[in-house]
Amino acid sequence: GDDTRALALAWIDANIAAGSVIVREEYTPRPDPDRYQVEYVWSLGFEPAASYAQRGVDYVIASRAVHGRLTRDPTGRYSHIVER
């Protein structure tokens, strides 16, 4: 019944410290930008995973919907993103 984004946001608020740096994908919960440092990206795959840690990102929030769209693309134009 409940929207999984609302459940995830409640978990974030209960478990992630204020001030944490979060990168979130499309279709994911939207943490409070007054409580967290939030950066939006359409897909986490646009850059190598190690780059998030190098930039000081504490958490990433991935979306099954984004990943599914990329892996089901019949043209294969996102294969480099899927590999990441």
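This is a chat about charged pairs, one buried acid and the nonpolar cores in a predicted model.

Visitor: Hi! How many salt bridges are there in the whole structure?

Guide: A search of the whole structure turns up 4 salt bridges. As background, side chains of opposite charge can pair when their charged atoms come close.

Visitor: Which residue does Arg5 pair with?

Guide: Arg5 forms a salt bridge with Asp3, and their closest N and O atoms are 2.9 Å apart.

Visitor: And are those two buried or exposed?

Guide: In between. Arg5 is partly exposed, with a relative accessible area of 37%. Asp3 has 37% relative accessibility and also counts as partly exposed.

Visitor: What about Asp13, which residue does that one bridge to?

Guide: Asp13 forms a salt bridge with Arg35, with 3.8 Å between the closest N and O atoms. That pair links distant parts of the chain, 22 residues apart: Asp13 belongs to helix H1 (residues 4-15), while Arg35 is in the loop between strand E1 (21-24) and strand E2 (37-40).

Visitor: How exposed is Asp13, then?

Guide: Asp13 is partly exposed, because its relative accessibility of 32% falls between the 20% and 50% cut-offs. Arg35 counts as partly exposed too, at 32% relative accessibility.

Visitor: Okay, on to Arg55. What does it form a salt bridge with?

Guide: With Glu39, and the closest N and O atoms there are 3.0 Å apart. Here again the pair links distant parts of the chain, 16 residues apart, with Arg55 in the loop between helix H2 (49-54) and strand E3 (59-61) and Glu39 in strand E2. Arg55 is partly exposed at 42% relative accessible area, and Glu39 counts as partly exposed at 28%.

Visitor: Which residues are linked in a network of salt bridges?

Guide: Glu39, Glu47 and Arg55 are linked that way.

Visitor: Switching topic: where does Glu25 lie?

Guide: Glu25 is in the loop between E1 and E2. Glu25 is buried yet has no salt bridge.

Visitor: Huh. How far away is the nearest side chain of opposite charge?

Guide: That would be Arg24, 9.4 Å away. The reason there's no bridge to Arg24 is the cut-off: a salt bridge needs the nitrogen within 4 Å of a carboxyl oxygen.

Visitor: So what does the side chain of Glu25 reach?

Guide: The side chain of Glu25 reaches the backbone nitrogen of Ser63 at 2.5 Å. Leaving out residues up to four places away in sequence, Glu25 touches a list of residues including Tyr40, Trp42, Leu44, Ile61 and Val66.

Visitor: Tell me about Ser63. Where is it found?

Guide: Ser63 sits in the loop between E3 and helix H3 (64-71). Ser63 counts as buried because its relative accessibility is 6%, and buried means under 20%. The side chain of Ser63 also reaches the backbone oxygen of Glu26 at 3.3 Å.

Visitor: How many residues apart are Ser63 and Trp42?

Guide: They are 21 residues apart in sequence, and 9.5 Å apart in space from C-alpha to C-alpha.

Visitor: Last topic! Which residues make up the largest nonpolar core?

Guide: The 6 residues are Val21, Val23, Val41, Leu44, Tyr52 and Val57. A second, separate core of 5 residues includes Ile16, Ile22, Tyr36 and Ile61. In soluble globular proteins, nonpolar side chains tend to be buried together.

Visitor: What is Leu44 in contact with?

Guide: Setting aside neighbours within four places in sequence, Leu44 is in contact with Val23, Glu25, Tyr52, Val60, Ile61 and Ala62.

How values were computed:
Residues are numbered from 1 along each chain as its sequence is written. This is a predicted model: local features need pLDDT of at least 70, side-chain atom pairs count only at pLDDT 80 or more; totals for chains, interfaces and linings use all residues. Side-chain values use heavy atoms; hydrogens and water are left out. Buried means under 20% relative accessible area, exposed over 50%, partly exposed in between (1.4 Å probe, protein chains only). Helices (H or I, at least four residues) and strands (E, at least two) are DSSP runs, numbered from the N terminus. Lys and Arg count as positive and Asp and Glu as negative; His and the chain ends are not counted. A polar contact is a pair of N or O atoms within 3.5 Å; within protein, one must be able to donate a hydrogen and the other to accept it, and residues adjacent in sequence count only if both atoms are side-chain atoms. Contact means heavy atoms within 4.5 Å. A nonpolar core is a set of buried Ala, Val, Leu, Ile, Met, Phe, Trp, Tyr and Cys residues joined through side-chain atoms within 4.5 Å.
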